[in-house]
Amino acid sequence: MSTTVETVSAAARTAPAAVIVAIDGPSGTGKSSTSKAVAAKLGLSYLDTGAQYRAITWWMLNNGIDVSDPAEIATAAAKPVIVSGTDPSAPTITVDGEDASGPIRTQEVTSKVSAVSAVPEVRTRITELQRSIAAAAEGGIVVEGRDIGTTVLPDAHIKIFLTASPEARAARRSGEVKGSDLTATREALIKRDAADSGRTVSPLAKAADAVEVDTTELTLSQVIECVVTLVGEKQVTK
């Protein structure tokens, strides 16, 4: 199911308490920017679940864990203490008390995160963390990731699945990283998609009851408006 941009009424902009919005999709579709903005507009908390997987990957790389060895990863999965701040205007993430918001975005972490994320013990640990954060968000929350609507929060009030063409996604990512090669970025995204979609545990997938939004031809503001509208419409029909 896909949707188009519509005008949202002022009433629809006010989300009720404890609404849970799950936003899934591959890299480069605008998930993070959209999720943060929607959360801010609706007065909700915000959680970037991908940052948590990056955080545990960064910790393992820094602590000499062989990230090519699933058994070693599994043994270490419970060790780091990961804390996520949920303010959409200033989301934070710390690992063992250290700010990890910058270090988790390095190319080294990016290249290893899919392998670490595929280990069942890692997914179990992080999924439990994500569910506890969502449950504690008394005013509601927007949670973005790759398996939120299917695995982490299957009972979310509304599920959105963002898509975009590989070319559009690569162009967006290249624009974020100075001097990056567009072709190489596109190939890396496709490789990441294959790894995330093909993993045995909690693969990247669209939930059966998710609304698909193709962001290829949309501006960020249009995508944000579209998702805010969808949340409002869902609450009106509840």
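**Close-up views of a predicted model**

R146 and D196 are both buried in this structure, which is a predicted model. The legends below take the views one at a time.

**View 1. The salt bridge between R146 and D196.** In this view R146 meets D196 in a salt bridge, and their closest N and O atoms lie 2.8 Å apart. The two residues belong to distant parts of the chain, since R146 is found in the loop between strand 6 and helix 6, whereas D196 sits in helix 8 (residues 182-198), 50 residues apart.

**View 2. D196 and its partner R192 within helix 8.** D196 also forms a salt bridge with R192, with 2.9 Å between the closest N and O atoms. Because D196 and R192 are four residues apart in helix 8, about one helical turn separates them. D196 has a relative accessible area of 2% and is therefore buried, and R192, at 16% relative accessibility, counts as buried too. Through salt bridges that share partners, R146, R192 and D196 are joined into one network.

**View 3. The salt bridge between R123 and D147.** Here the side chains of R123 and D147 come together in a salt bridge, at 3.0 Å from N to O. This pair links distant parts of the chain, with R123 in helix 5 (residues 120-136) and D147 in the loop between strand 6 (141-145) and helix 6 (148-152), 24 residues apart. R123 counts as buried because its relative accessibility is 4%, and D147 counts as buried because its relative accessibility is 1%. The count of salt bridges in the model comes to eight.

**View 4. The open sheet of five strands.** The strands of this sheet follow the order 2-6-1-7-8 and pair in parallel. Strand 2 (45-48) and strand 8 (211-214) are the edge strands, each of them pairing on one side only. On average, and with direction ignored, neighbouring strands of the sheet are turned by 20 degrees against each other.

**View 5. Strand 7 beside strand 8.** Strand 7 (residues 158-163) runs parallel to strand 8 and is joined to strand 8 by four bridges. T163 has D214, in strand 8, as its bridge partner.

**View 6. Helix 1 and helix 2 packed on the sheet.** Helix 1 (residues 31-42) packs on the sheet, where it touches strand 1 (20-24), strand 2, strand 6 and strand 7, and its direction makes about 175 degrees with that of strand 6. Helix 2 (residues 49-62) likewise packs on the sheet, touching strand 2 and strand 6, and the direction of helix 2 makes about 45 degrees with that of strand 2.

Methods:
Residues numbered from 1 in each chain as written. Predicted model: local features only at pLDDT ≥ 70, side-chain atom pairs only at ≥ 80, totals over all residues. Heavy atoms only, no water. Salt bridge = Lys/Arg side-chain N within 4 Å of Asp/Glu carboxyl O. Buried < 20%, exposed > 50% of the residue type's maximum accessible area, 1.4 Å probe, protein only. Pairing = 2+ DSSP bridges. Axes fitted to C-alpha atoms, helices over the stretch in contact; angles between N-to-C directions. Contact = heavy atoms within 4.5 Å.
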